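Trainee: Could you take me closely through one part of this protein, the central strand region and the helices that pack around it? I would like one connected account, with the cut-offs behind each term.

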Amino acid sequence: MGAALQCFSLLLLLPAEGMERYFTNAAFFAPLHARRTIQRTLPHLRASGADRGPGAAIITGGTGGIGLATAHQLAAQGYGLVLGYGNDAKRADAACKELQAACGAHVFSVGGDLTTEQSRDRTVARLFDVVDVEFEGRVGAFVHAAGFFHERLLEHHFDGAISNFSVYDAYHSIYPKAFVAITEECLPRMSDGAGRVVCITNPGCNALQPPRVGYDMPGQGKATMEWLVRMYALRLAKRGLCVNAVSPGYTDTKAAAHTSHPPECDGVR
């Protein structure tokens with residue numbers, strides 16, 4: 001998982017004054033005119049709240065795998081943590097204790113389902129209830145690392161096997177819709193020049209790579225999410241907010257055990 005953490009160290013924890021060079025190097029950042037906008041803006045960015053630390057980092061899927069590894073990195077940088085998880089409260093409690101023991105982190109967990117509209121709305125509201133009460137409404141970072149395996153995923157392919165949109169909609173809810181819902185709530189709580197928004201994506205979810213056969217349902221959701229990242233990066237450049245998508249590649253996590261992977265990854269940990 002080291003490569004994934006290196007990505008986060010560069011793209012999420014980068015100080016504002018170093019952001020301009022990553023507009024040149026990052027794969028899913030804003031186009032050239034947006035880079036020029038932020039280069040003009042950087043000298044004038046506000047640093048409100050800097051003396052109180054970076055605020056809360058909201059991490060969906062934050063109690064295991066890539067999300068938990070990211071939480072350790074952010075806690076070491078002084079962020080408070082609000083970890084979203086699905087339904088494994090025991091695992092969430094263990095993750096919080098692990099982070100507190102390792103980093104002395106100020107950490108909270110919020111359980112909830114992001115795959116349907118009503119439950120997604122309730123979960124997002126609870127996340128920001130914690131942010132507003134425990135962190136004075138201050139958000140420094142949002143990492144959307146939530147994962148999901150639908151029990152009928154492998155039956156739904158774009159080859160005549162889509163009889164309804166139940167599985168399609170579940171993945172669209174947890175990926176692009178949840179990403180937008182949480183990001184929109186984060187933005188008024190972020191200080192200019194200090195906010196970071198990152199989503200976790202996968203190989204084959206953009207036009208630069210061939211699509212992964214068998215990843216039809218998650219892939220359409222994450223492909224939409226990548227487009228959203230580019231639009232947010234373009235629109236938020238004037239505020240000096242860093243928005244990016246990170247594709248760590250095939251990583252040995254609990255969620256990845258349900259999906260297919262290239263033969264060359266067999267036995268790799």
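Mentor: What follows goes from the overall layout to strand β1, then to the helices and the salt bridges.

This is a predicted model, in which local features need pLDDT of at least 70 and side-chain atom pairs count only at pLDDT 80 or more, whereas totals for chains, interfaces and linings use all residues. Residues are numbered from 1 along each chain as its sequence is written, and side-chain values use heavy atoms, with hydrogens and water left out.

The protein has eight helices and six strands, both taken as DSSP runs numbered from the N terminus (helices H or I of at least four residues, strands E of at least two). From the N terminus on, the elements run α-α-α-β-α-β-α-β-α-β-α-β-α-β. The six strands form an open sheet in the order β3-β2-β1-β4-β5-β6, with parallel pairing, where two strands pair if DSSP finds at least two bridges between them. The edge strands are β3 (107-111) and β6, each of which pairs on one side only.

Within this sheet, five of the five residues of strand β1 (residues 56-60) are buried, so the strand is largely enclosed by the rest of the structure; buried means under 20% relative accessible area, exposed over 50%, and partly exposed in between, with a 1.4 Å probe and protein chains only. Both faces are covered, with A56, I58 and T60 buried on one side and A57 and I59 on the other. β1 pairs with strand β2 (residues 80-85) in the parallel sense over five bridges, and in this pairing I58 stands opposite V82, while A57 stands opposite L81.

Helix α4 (residues 65-76) lies across β1, β2, β4 (139-144) and β5, and runs at about 170° to β1. Helix α7 also packs on the sheet, touching β1, β4 and β5, and its direction makes about 180° with that of β4. Contact here means heavy atoms within 4.5 Å, and axes are lines fitted to C-alpha atoms, for helices over the stretch in contact, with angles from 0 to 180 degrees between N-to-C directions.

Helix α7 (residues 166-186) has a further partner in helix α6 (residues 117-134), for the two axes come within 11 Å and cross at roughly 35°. The contact is made by E117, R120, V124, L127 and F128 of α6 and by S173, K177, A178, A181, I182, E185 and C186 of α7. These residues divide into seven nonpolar, one polar and four charged.

E185, one of the α7 residues in that contact, also forms a salt bridge with R189, at 3.0 Å from N to O; a salt bridge is a side-chain nitrogen of Lys or Arg within 4 Å of a carboxyl oxygen of Asp or Glu. R189 is buried, with a relative accessible area of 18%, whereas E185 counts as partly exposed at 33%. D132, E185 and R189 are linked in a network of salt bridges. Another salt bridge joins D192 and R239 (2.6 Å, N to O), linking distant parts of the chain: D192 lies in the loop between α7 and β5 (196-200), and R239 in the loop between α8 (216-236) and β6 (242-246), 47 residues apart. Both D192 and R239 are buried.

Terms used:
Ala, Val, Leu, Ile, Met, Phe, Trp, Tyr, Cys and Pro count as nonpolar, Asp, Glu, Lys and Arg as charged, and the others, Gly among them, as polar.
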